[in-house]
Amino acid sequence: MELNSLKQQVSEWINIEQNRLHEISLEDVIITEGVLLSIGKIVSQLMLLYRSDSLSFDPIENINDKIPCMGYWVENSKDLVIYISVDSQSRTIIIPQNGWMLRNDITIH
């Protein structure tokens with residue numbers, strides 16, 4: 001799926017204006033352990049339907065290395081929105097501002 005159409009679709013799913021969503025690399029964020037465990041449960045459920053390696057999924061690892069996903073932060077609220085796709089299934093997860101932060105060792109341009 002093209003990134004612009006994905007962004008539009010995510011904005012419609014969460015009922016927010018598309019211009020308030022800003023793409024962010026998930027490699028540049030730290031997600032709290034509790035939120036990672038919740039994401040791991042969701043991903044495991046998706047993978048269980050389609051893949052035999054679902055039992056080896058470790059939610060503490062960077063999810064971007066294991067499954068296709070996109071991240072967006074929401075202007076004003078600073079929520080993080082993660083779009084996860086496993087085969088024909090997809091989920092959008094909203095992480096509140098207190099569940100994530102930018103890594104200290106990145107360079108912002």
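Me: Which residues does serine 85 touch, not counting residues up to four places away in sequence?
Reply: Keep in mind that this is a predicted model. Serine 85 sits in strand S4, residues 80-86. Once residues up to four places away in sequence are set aside, what serine 85 touches is Pro68 and Ser90.

Me: And is serine 85 buried or exposed?
Reply: Its relative accessibility comes out at 18%. The cut-off for buried is under 20%, so serine 85 counts as buried.

Me: How many bridges join S4 to S5?
Reply: The two strands run antiparallel and form a hairpin with two residues between them. In the turn, aspartate 87 has a positive phi of about 55°. One of the pairings puts valine 81 opposite isoleucine 94 in S5. The bridges joining S4 to S5 number seven.

Me: What about S3, then: over how many bridges does it pair with S4?
Reply: Strand S3 covers residues 69-74, and its pairing with S4 is antiparallel too. Within it, glycine 71 has isoleucine 82 of S4 as its bridge partner. For S3 and S4 the number of bridges is five.

Me: Which strands stand at the edges of the sheet?
Reply: The sheet is open, with four strands in the order S1-S3-S4-S5 and antiparallel pairing. An edge strand here has a single partner strand, so one of its sides is left without a neighbour in the sheet. As for twist, neighbouring strands are turned by 25° against each other on average, direction ignored. The strands at the edges are S1 (21-24) and S5.

Me: Which element gives the most residues to the largest nonpolar core?
Reply: That core has 18 residues, and those with the most contacts inside it are Ile31, Ile39, Leu80, Ile82, Ile84 and Ile95. At least two residues each come from strand S2 (29-31), helix H2 (33-50), S4 and strand S5 (89-95). With six residues, the one that gives the most is H2.

Me: What is isoleucine 31 in contact with, leaving aside its neighbours within four places in sequence?
Reply: Isoleucine 31 is among the core residues with the most contacts inside the core, as are Ile39, Leu80, Ile82 and Ile95. Those four turn up in its contact list as well. The full list is Leu36, Ile39, Leu80, Ile82, Ile95, Gly99 and Trp100.

Me: How many residues are in the other core, the one lying apart?
Reply: Among its members are Leu6, Ile16, Tyr72 and Val81. Val81 is the valine whose bridge partner in S5 is isoleucine 94. The residue count of this other core is nine.

Me: Any aromatics worth a look: how many pairs are there, and what kind of pair do tryptophan 13 and tyrosine 83 make?
Reply: The count comes to one aromatic pair. The ring centres of tryptophan 13 and tyrosine 83 are 5.9 Å apart, with the planes at 25°. Planes under 30 degrees apart count as stacked, so this pair is stacked.

Me: How many residues apart in sequence are the parts that this pair ties together?
Reply: Tryptophan 13 belongs to helix H1 (residues 3-13), while tyrosine 83 belongs to strand S4. Tryptophan 13 is partly exposed at 43% relative accessible area, whereas tyrosine 83 is buried at 10%. The separation in sequence of the parts tied together is 70 residues.

Me: What separates the C-alpha atoms of glutamine 8 and asparagine 19?
Reply: Glutamine 8 is placed in helix H1 and counts as partly exposed, at 39% relative accessibility. Along the chain, asparagine 19 is 11 residues apart from glutamine 8. Their C-alpha atoms are separated by 9.3 Å.

Definitions and conventions: Residues numbered from 1 in each chain as written. Predicted model: local features only at pLDDT ≥ 70, side-chain atom pairs only at ≥ 80, totals over all residues. Heavy atoms only, no water. Buried < 20%, exposed > 50% of the residue type's maximum accessible area, 1.4 Å probe, protein only. Contact = heavy atoms within 4.5 Å. Core = buried A, V, L, I, M, F, W, Y, C linked by side-chain atoms within 4.5 Å. Phe/Tyr/Trp six-rings, centres within 6.5 Å; stacked < 30°, edge-to-face > 60°. Pairing = 2+ DSSP bridges. Axes fitted to C-alpha atoms, helices over the stretch in contact; angles between N-to-C directions.
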